[in-house]
Amino acid sequence: MALEPERPAAQERGSGALYRKVAADLREAITTGAFGEAGRLPAEGALAEQYGVSRGTVRQALAVLRSDGLVTSRRGTRRVVLGTARVQSFSELLSFTHWAYSMGEEPGGILDSLVRRPADAAEREQLRLEPGSEVYVTVRLRTLSGTPVMVERTIYPPRVGEIVAQLPPDVVSHTEVLREHGILFTDADHTIDIVAANAEDARLLGCRRGGPLLRERRRTTDPTGTPVEWSQDRYLPGTVAFSVHNSLATSALSRHAREGD
């Protein structure tokens, strides 16, 4: 079904909504399997006719889907659907809870353990703690609409961990409660790799011990640059994908090139 009639270019730029509507409709079709796994989207002209918009609007919508990791393309071929895993973008810092809600999923969190113990050398370095400092370590099973998807292991410095330790074991979002206490999560460094599931992962996720898990390691800081968490999340394969947007305009290589002009 076509969307509202194409607006003049100036009006479309002002609303910024039309290409987002096309992207949202295509995203829903992809996630419901309308194009099949590794299927091909219709050509730009066919999509433009289907939605009653210009090819430029279609290209903008497809760029959104590409940045979300849902489609890809090569020169001379139509866009190919990459899959239906839920995509988490690093273009903005979202908690697991906010990301889940943005995808139309119901987030869940089940506390498996919480301990207070002396910080080891790596933890002191990551959280900028003095020798002899203690940390709070939580292990939680995270779910999307009731389905286990990830084991979350988070290490908090004392000022943050003391608050977390007072929370009910089934609280969905630590981040929201900490924000109410004035602790803000504003910047994060991420590292993504693959690891083998250990015995604890297998017990919580119901997967095979030694099987592959997608791991995201993250250190988050507050507006002053002070670390507030060091976390390791392990996802079941096929449950999530991560997307990253890069720009030549902000790369060191392009800066050097401009300086040499």
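1. The chain holds 10 helices and 10 strands. Helices (H or I, at least four residues) and strands (E, at least two) are DSSP runs, numbered from the N terminus. Please keep in mind that this is a predicted model: local features need pLDDT of at least 70, side-chain atom pairs count only at pLDDT 80 or more, and totals for chains, interfaces and linings use all residues. Residues are numbered from 1 along each chain as its sequence is written, and side-chain values use heavy atoms, with hydrogens and water left out.

2. Some overall figures may help you find your feet. Of the 261 residues, 39% count as buried, where buried means under 20% relative accessible area, exposed over 50% and partly exposed in between (1.4 Å probe, protein chains only). The accessible surface of the chain is about 14200 Å², and carbon and sulfur atoms account for 52% of this surface; such areas come from the Shrake-Rupley method with a 1.4 Å probe, and for residues only the protein chains shown count as cover. Among contacts (heavy atoms within 4.5 Å) with a separation of 6 or more, 59% link residues 24 or more positions apart.

3. Now for the helices. The largest nonpolar core has 16 residues, and Leu26, Leu62 and Leu65 have the most contacts inside it. Such a core is a set of buried Ala, Val, Leu, Ile, Met, Phe, Trp, Tyr and Cys residues joined through side-chain atoms within 4.5 Å. At least two residues of this core come from each of α2 (18–31), α3 and α4 (55–67), and α2 gives the most, with 5 residues. Leu65 is in contact with Ala23, Leu26, Arg27, Ile30, Leu70 and Val71, leaving aside neighbours within four places in sequence. In soluble globular proteins, nonpolar side chains tend to be buried together.

4. Helix α3 (residues 44–51) deserves a look of its own. Its buried residues are Glu44, Leu47, Ala48 and Tyr51. Seen down the axis of α3, these fall within an arc of 100 degrees, so they line one face of the helix; the arc is that of the directions from the helix axis to the C-beta atoms. After α3 comes Gly52, with a positive phi near 70 degrees.

5. Next, the sheet. Six strands form an open sheet in the order β4-β5-β6-β9-β8-β7, with antiparallel pairing; two strands pair if DSSP finds at least two bridges between them. At the edges are β4 (107–118) and β7 (187–196), each pairing on one side only.

6. Following the strands inward, β5 (residues 134–144) runs antiparallel to β6 and is joined to it by 9 bridges, with Leu144 opposite Thr147. The two form a hairpin with 2 residues between them, and Ser145 in the turn has a positive phi of about 50 degrees. Strand β6 (residues 147–156) is mostly covered, as 8 of its 10 residues are buried.

7. From β6, 6 bridges lead to β9, again antiparallel, and Thr154 has Ser231 in β9 as its bridge partner. Strands β8 (residues 212–221) and β9 (residues 227–235) pair in the antiparallel sense over 8 bridges. Arg219 stands opposite Trp230 in β9.

8. One last residue to visit is Thr97, in helix α5 (residues 96–102). Is Thr97 buried or exposed? Thr97 counts as buried, because its relative accessibility is 6%. Not counting residues up to four places away in sequence, Thr97 touches Pro107, Arg142, Val172 and Ser173.
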